[in-house]
Amino acid sequence: MLERGEVANSWRTERWDSLRLLTPNWQSRLPGHRYDGPDPDGYMSMGEVIEFVESFAKVTGAPVITEANVTSLRSSHNGYHLISSRGEIHCQAVIIASGACNKPSVPAFANAVPASVQQLTPFDYRNPDQLPEGGVLVVGASATGVQLAAELQRSGRPVTLSVGEHVRLPRTYRGRDVLWWMDASGIWDQRYDEIDDLTRARRLPSPQLVGTYERDTLDLNALTSMGVELVGRWADLRDGRALFSGGLRNMFTLADLKMGRLLDTFDAWARDHGRDVEVGTPERLAPIRVPETARLQLDLRNGDIRTIVWATGFRPDYRWLDVPVLDQKGQLVHEGGVVDMPGLYALGLPVLRRRKSTFIHGIEDDAREVVDHLARYLAVERPA
Ligand SMILES: Cc1cc2nc3c(=O)[nH]c(=O)nc-3n(C[C@H](O)[C@H](O)[C@H](O)COP(=O)(O)OP(=O)(O)OC[C@H]3O[C@@H](n4cnc5c(N)ncnc54)[C@H](O)[C@@H]3O)c2cc1C
């Protein structure tokens, strides 16, 4: 196992200070290793996640070579040739487990933002003290965007949040964590080959969730109650002006509709499985409040906005792959983790084999199946 940093590198180096997992502690499980502390319903801080992954590496005796940055992978005689900062390796098979979130995704027009406005991505952001006083424009309203918008608004800076397509979820539903429902009702376990629109499922943004002691719901209503201003999706930048799409109402209706459908699925599952007695009664959230007027543009030169935080998603970094396995959008082409080159595999990508594939608890089932395939390949199919 080659790792360019230390074990749990992304949790150590690429996350902000206040971040806690949005998955509850009881759900943090790796093969043979699970949370056994006093607060199964809590959410781990980054320090706790690092400890959790480190102890898994120790217990399993994982053969990790740290500080080994892989800069090239090519196919070679009967296998693959890798170049890393710790030397070169020849091997018969490779699993690409370099993560789905290596780089923040930022739109190209960020280059044209006036120099007077500071720009940060979630990889640079640590806490509000880094920012100048004054207005902040947070772009993106998925898990990262809503969490940073709330933290920055609480720090006393007026926050404007640019909202695109998003997934609204209550933190708890009928007295249980909403992710308990995802787990119990089997939604997390839905397989990639059973999902109608897999491309769309793989692009779905993260849900608007935060892990806090109070188990608060952090949806757009919670943010507007705190004073955050909502605007539409940032569509373009012209002459120093950010131009936002209209249609917030439609976007909110869609998010509410999808959330309602999901809660209906949970209710039906509880009814059909005789679980109604052990959970609370069905409930529905008030729709997202549409602002009376939403600004369609914002002048970035007048000093109102001092900082932009791009919470527009993450993408993998495959610059080290010197094999023809990426599509036109730079995504790895694979069938349930089996890449279209003999002996090449992937793990940890969105809906790789199941809806839970990119979550900590999702790796076990995927890894077992992918490694089975790899073992068969080495035993039977590998060319002499
Ligand atoms: C902001 C954020 C919040 C998240 N919150 C949760 C959560 O609450 N619960 C949850 O279950 N999941 C969460 N996730 C998803 C989380 O990333 C995965 O659960 C988990 O970390 C995926 O593990 P991984 O090993 O596949 O990828 P990563 O953790 O990204 O690990 C990939 C490793 O590969 C290394 N690497 C990359 N390229 C190279 C190279 N060329 N050479 C050598 N090494 C390389 C990296 O240094 C890194 O250590 C979150 C993700 C993000 C970005």
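Colleague: Which residue stands opposite Leu-82, and what makes the two strands around that position a pair?
Modeller: In strand 5, Ile-89 stands opposite Leu-82, and His-90 of strand 5 likewise stands opposite His-81. Strand 4 (residues 79–84) and strand 5 (residues 87–91) are joined by five bridges in the antiparallel sense, and they are called a pair because two strands pair if DSSP finds at least two bridges between them. Both belong to a predicted model, in which local features need pLDDT of at least 70 and side-chain atom pairs count only at pLDDT 80 or more, while totals for chains, interfaces and linings use all residues. Residues are numbered from 1 along each chain as its sequence is written, and side-chain values use heavy atoms, with hydrogens and water left out.

Colleague: What do strand 4 and strand 5 form, and which strands make up the open sheet around them?
Modeller: Strand 4 and strand 5 form a hairpin with two residues between them, and the open sheet has three strands in the order 3-4-5, with antiparallel pairing. Strand 3 (70–76) and strand 5 are its edge strands, since each pairs on one side only. On average, neighbouring strands of this sheet are turned by 15° against each other, direction ignored, where axes are lines fitted to C-alpha atoms (for helices over the stretch in contact) and angles run from 0 to 180 degrees between N-to-C directions.

Colleague: Why are strand 16 and strand 18 called edge strands?
Modeller: The open sheet to which they belong has three strands in the order 16-17-18, paired antiparallel, and strand 16 (234–238) and strand 18 (297–299) each pair on one side only. Neighbouring strands here are turned by 20° against each other on average, direction ignored. Strand 16 pairs with strand 17 over four bridges in the antiparallel sense, with Asp-236 opposite Leu-243 in strand 17. Three bridges join strand 17 (residues 241–244) to strand 18, where Asp-299 is the bridge partner of Arg-241. In the hairpin of strand 16 and strand 17, Asp-239 takes a positive phi near 50°.

Colleague: How compact is the protein chain, and why?
Modeller: By DSSP runs numbered from the N terminus (H or I over at least four residues for a helix, E over at least two for a strand), the protein chain has eight helices and 23 strands. Its radius of gyration is 22 Å, close to the 21 Å that the globule rule gives for 384 residues, so the chain is as compact as a globular protein of that length; the radius is taken over C-alpha atoms, and the rule is 2.2 Å times the number of residues to the power 0.38.

Colleague: Which side chains make polar contacts with oxygen atoms of the ligand, and at what distances?
Modeller: A polar contact is a pair of N or O atoms within 3.5 Å (within protein, one must be able to donate a hydrogen and the other to accept it, and residues adjacent in sequence count only if both atoms are side-chain atoms). A polar side-chain atom of Ser-10 lies 2.8 Å from a ligand oxygen, one of Arg-4 lies 3.0 Å from a ligand oxygen, and one of Trp-11 lies 3.5 Å from a ligand oxygen.

Colleague: How many residues surround the ligand, and which are the closest?
Modeller: The ligand is surrounded by 24 residues, the closest being Glu-3, Ser-10, Leu-22, Thr-23 and Ile-360, where near means that a heavy atom of the residue lies within 4 Å.
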